[in-house]
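Biologist: I'm new to this one, so could you walk me through it?
Modeller: Sure, have a look and ask away.

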Amino acid sequence: MQGHDGRRNAREGRWPCVPLGALVECLDARRIPLSRAQRARCPGHVPYHGASGVIGHVDRALFDGPLVLLGEDGAPFLDPARDVAFFHEGPLWAGNHVHVLRPRAGVDGRFVAHALNTVAYDAYVEGATRPKLTRARMNSLPVPCPPPACQRRIARELDGALARIARQLHELSVQAALAREQADAALWHAVQPDGGHPVRLLGSVFDIVGGGTPPTARADCWGGDVPWLTPADLPAGAPVRLRHGARGLSIAGLAACRATLVPPGALVVSTRAPVGRVGMTEVAVSVSQGCKALVPRGGDVALDYAAFLLRAHAPVLRQRAGGSVFAEVDTATLASLELPLPPLPVQRAVARTAWATMARLAAQDAAHAAMVAALHEYRPALRHARVAGLAED
């Protein structure tokens, strides 16, 4: 048996299992694949189904439901959080990456689709990089087979329960987006010092140092002791103090690119994909071209205050980012940011407020993530219990 959040073996339940081929008729021979360009030439309202769901619409149908669609290759067979089988009612066109199955008389297609999303496919699919479920192995899949009336009732109850879970997840997603906006606003408010204070351009307070990446094919450039930071090494939330990134450069690697060592006590801000993440260095580091290092020019700025102030400007930086391929903030744009610079005691007090604000927001994020994780765990567990007959009254 797999973990409680994974797909399970259907034989664990109270219902007898039969091979899938005894429950459905395979219509794969009637499939006709259409490329994206071909679909664009015949727009319409008939769904075109691929391995993992509807990927377009065309003007005519090859099939008419009720049908069960089960991925053949490229479907997420090994990811229990994602569906690989779908029920469809009505006209449909299907390509050759999905099995098209018609339920036999007395078989509820909705139930079969739910059941196929509980199967542990690792014993049935072939291929490591692009798993494929052949027709022969598909026909042998064990599927619980309760009486027809039970199939209909279980399918109806699962449709309702999973729809409610989907609505909850959507609502949580909306709440998360609002929370991110509120977090940006709360941080912006937290770093605004009271009273009138001089405003300085960032470029007048910090030296801005760019970065680079050595040739990836040169093994002698990598794996050394020179810390090298990329946007992925910077936190999405509050700034953190950094001593290393996921990868290090050798001395040869540092010499082979535009990266230079910046001293401890500098800021690192991501200026490309994503923009606006911030870290504080505790050791000498180098950065990739997706970051800029900010080295203070004097002692009139507290590093954590400047870090939070820069993090609070992340929405502003994202708005000002340019680039045709991906959003990027150039040195001139970064240097033009206006920063209030109160006396050091005020800066430190503002930083303490910002730390407290970010800690509170992080706790909210953790609680939200826990709810989302619980729903994603509950969804396959509920489906398995109902399909297998383990939750029957």
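Biologist: In the hairpin of strand 16 and strand 17, which residue takes a positive phi?
Modeller: Keep in mind that this is a predicted model. The hairpin has three residues between its two strands. Among the residues of this hairpin, the one with a positive phi, near 40°, is Ala273.

Biologist: And strand 17 itself, is it largely enclosed or not, and how many of its residues are buried?
Modeller: Strand 17 covers residues 275-281. On one side, four bridges join it to strand 16 in an antiparallel way, with Val269 paired to Val278. Three bridges also join strand 17 to strand 14, and those two run parallel. Strand 17 is largely enclosed by the rest of the structure, because the buried count is six of the seven residues.

Biologist: How do helix 4 and helix 10 run relative to each other?
Modeller: Their axes come within 10 Å and cross at roughly 170°. Angles over 145 degrees count as roughly antiparallel. Helix 4 and helix 10 are therefore roughly antiparallel.

Biologist: What kinds of residues make up the contact of helix 4 with helix 10?
Modeller: Six are polar and six are charged. The others in this contact are 22 nonpolar residues.

Biologist: Where does the largest nonpolar core lie with respect to domain 1 and domain 2?
Modeller: That core has 39 residues, with Leu20 and Tyr121 among those having the most contacts inside it. Helix 4 supplies the largest share, nine residues. Domain 1 (17-145) and domain 2 (146-197 + 342-392) both give residues to this core, so its place is between them.

Notes:
Residues numbered from 1 in each chain as written. Predicted model: local features only at pLDDT ≥ 70, side-chain atom pairs only at ≥ 80, totals over all residues. Heavy atoms only, no water. Core = buried A, V, L, I, M, F, W, Y, C linked by side-chain atoms within 4.5 Å. Buried < 20%, exposed > 50% of the residue type's maximum accessible area, 1.4 Å probe, protein only. Domains from an automatic or database assignment. Axes fitted to C-alpha atoms, helices over the stretch in contact; angles between N-to-C directions. Parallel < 35°, antiparallel > 145°, perpendicular 65-115°, else oblique. Nonpolar A, V, L, I, M, F, W, Y, C, P; charged D, E, K, R; others polar. Pairing = 2+ DSSP bridges.
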